[in-house]
Amino acid sequence: MKKRLLTGLQPSGELTIGNYCGGIKQVVNYQDEYDTFLFVPDMHSITVPQDPDTLHRRVREIVGMYLACGVSGTENHIYVQSEIPEHANLSWILECNSYMGEMSRMTQFKAKTEGKKEIGCGLFTYPILMAADILIYNANYVPTGADQKQHVELARNLAQRFNSKYGETFVVPEPLIPEVGAKIRDLLDPTKKMSKSAENPRASVFLTDPEKTIRKKIMGAVTDSGEGVVFDEENKPGVSNLLTIYASFSGCTIPEAEKHFEGARYGDLKKEVAEVLVVFLTDLQDRFAEIMKSGIVDETLDSGRDRARAIAAQTYDLARRRVGLGRV
Ligand code: TYM
């Protein structure tokens with residue numbers, strides 16, 4: 001039997017090239033090798049305020065993007081988290097087996113709540129729901145960017161704790177972090193990661209950006225003092241980020257990218273990065289537009305939901321029996 005691979009991208013904003021590199025690209029590369037689960041974690045998105053109509057729209061658009069990127073909707077399980085209630089049910093069981101201390105150590109929680117007065121409880125317990133998303137399908141591998149590694153580690157800890165407390169129930173998952181592109185950085189402040197929800201849209205390239213915008217954003221990216229296109233994340237974070245984007249989208253390694261740009265100036269680097277992005281993204285956007293016009297997104301989600309739910313229901317049933325919920 002094939003091992004299982006699972007990941008999800010929140011519909012909390014327009015997807016960025018960072019989301020593509022950390023999440024979708026790995027799924028595209030691995031989908032033939034593994035039994036693949038790719039879902040839309042919409043319940044995660046309401047941990048912060050969302051406009052309901054926008055959220056509904058984005059759920060379908062994210063799936064359109066998965067398909068446009070080349071993820072097969074018939075071979076894999078593609079579904080919406082909130083349409084499978086066993087995620088939340090299992091999350092509650094896991095929550096009752098988690099500690100305030102370990103949750104307080106989640107760096108993303110600390111970053112998202114820094115300086116905020118009113119902090120939603122959902123934001124605090126969100127990594128437990130993420131653990132439930134993974135464990136309910138007994139996923140072996142979880143491809144993500146570097147920012148989600150700590151959350152996957154929590155999922156591992158919760159699985160191990162549950163198994164030793166109640167008996168073997170869950171597979172202990174492993175994170176799959178890409179060698180190149182695990183953390184695409186903000187174009188205006190390369191000390192930060194590129195984000196869907198950046199305050200300034202010029203800091204991120206979105207998968208739906210038109211050609212002109214892509215070129216403008218890349219040409220406006222912050223570079224570093226000195227010359228020389230070399231990969232040095234500490235002293236040249238801006239240039240290293242552009243090299244990473246180039247390598248990710250042209251399919252080469254970082255040393256190969258450095259060799260390609262030997263003797264080049266920062267302006268040449270930017271022009272070529274913009275060019276690879278434009279070629280890749282305009283093609284992607286054409287496929288996306290076709291997909292959104294067809295009825296394929298809903299067909300994919302209906303069939304994905306039914307197939308995924310049958311698996312989730314089995315795992316949940318075992319977990320609730322293990323802890324003594326309901327009737328035997
Ligand atoms: P999210 O929606 O923030 O991000 C989706 C994926 O994109 C990756 N990513 C990046 N990779 C490289 N560079 C960046 N700048 C960058 N920004 C984001 C993320 O690491 C992620 O792989 N909690 C998750 C969603 C989730 C999930 C899950 C993922 C919910 N349940 C179960 C895996 C398994 C999140 O907020 O990702």
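Select Gly18 together with the ligand, and you will find that a backbone N or O atom of Gly18 lies 3.0 Å from a nitrogen atom of the ligand. Keep in mind from this point on that the model on your screen is a predicted one. Next, add Asn19 to the selection, where an N or O atom in the side chain is 3.1 Å from an oxygen atom of the ligand. Then turn to Ile184, which again contributes a backbone N or O atom, placed 2.8 Å from a nitrogen atom of the ligand.

With those three residues shown, look at how the ligand is covered: taken alone it exposes 710 Å², and the protein buries 97% of that. Colour strand 1 (4-8), helix 1 (17-30) and helix 7 (121-135), since these are the elements that give two or more residues to the shell around the ligand. Of these, helix 7 deserves a separate selection, as it supplies the largest share of the shell, four residues.

Now display the whole shell, in which 27 residues surround the ligand, the closest being Tyr126, Asp133, Asp147, Ile184 and Lys196. If you colour the shell by residue class, it divides into 11 nonpolar, 11 polar and five charged residues.

Leave the ligand and move to the protein interior, selecting Ile17, Tyr66, Ile218 and Leu277, which have the most contacts inside the largest nonpolar core, a set of 58 residues. Helix 12 (residues 266-293) provides the largest share of this core, with 11 residues. Centre the view on Leu277 and, leaving aside its neighbours within four places in sequence, show the residues in contact with it, namely Ile17, Val205, Ile214, Ile218, Ile245, Phe249 and Thr282. Apart from this core lies another one, of 35 residues, which you can locate by selecting Ile93, Ala132, Leu135 and Tyr137, all among its members.

For the last stop, return to helix 12 and select Gln285, which is found in that helix. Is Gln285 buried or exposed? Its relative accessible area is 18%, and because the limit for a buried residue is under 20%, Gln285 counts as buried. Follow the side chain of Gln285 outwards from the helix label to the backbone oxygen of Leu207, which it reaches at 2.8 Å. To complete the picture, show Leu207, Thr208 and Asp209 together, for these are the residues in contact with Gln285 once its neighbours within four places in sequence are left aside.

Note on methods: Residues are numbered from 1 along each chain as its sequence is written. This is a predicted model: local features need pLDDT of at least 70, side-chain atom pairs count only at pLDDT 80 or more; totals for chains, interfaces and linings use all residues. Side-chain values use heavy atoms; hydrogens and water are left out. A residue is near a molecule or strand if one of its heavy atoms lies within 4 Å of it. A polar contact is a pair of N or O atoms within 3.5 Å; within protein, one must be able to donate a hydrogen and the other to accept it, and residues adjacent in sequence count only if both atoms are side-chain atoms. Accessible areas come from the Shrake-Rupley method with a 1.4 Å probe; for residues, only the protein chains shown count as cover. Ala, Val, Leu, Ile, Met, Phe, Trp, Tyr, Cys and Pro count as nonpolar, Asp, Glu, Lys and Arg as charged, and the others, Gly among them, as polar. A nonpolar core is a set of buried Ala, Val, Leu, Ile, Met, Phe, Trp, Tyr and Cys residues joined through side-chain atoms within 4.5 Å. Buried means under 20% relative accessible area, exposed over 50%, partly exposed in between (1.4 Å probe, protein chains only). Contact means heavy atoms within 4.5 Å.
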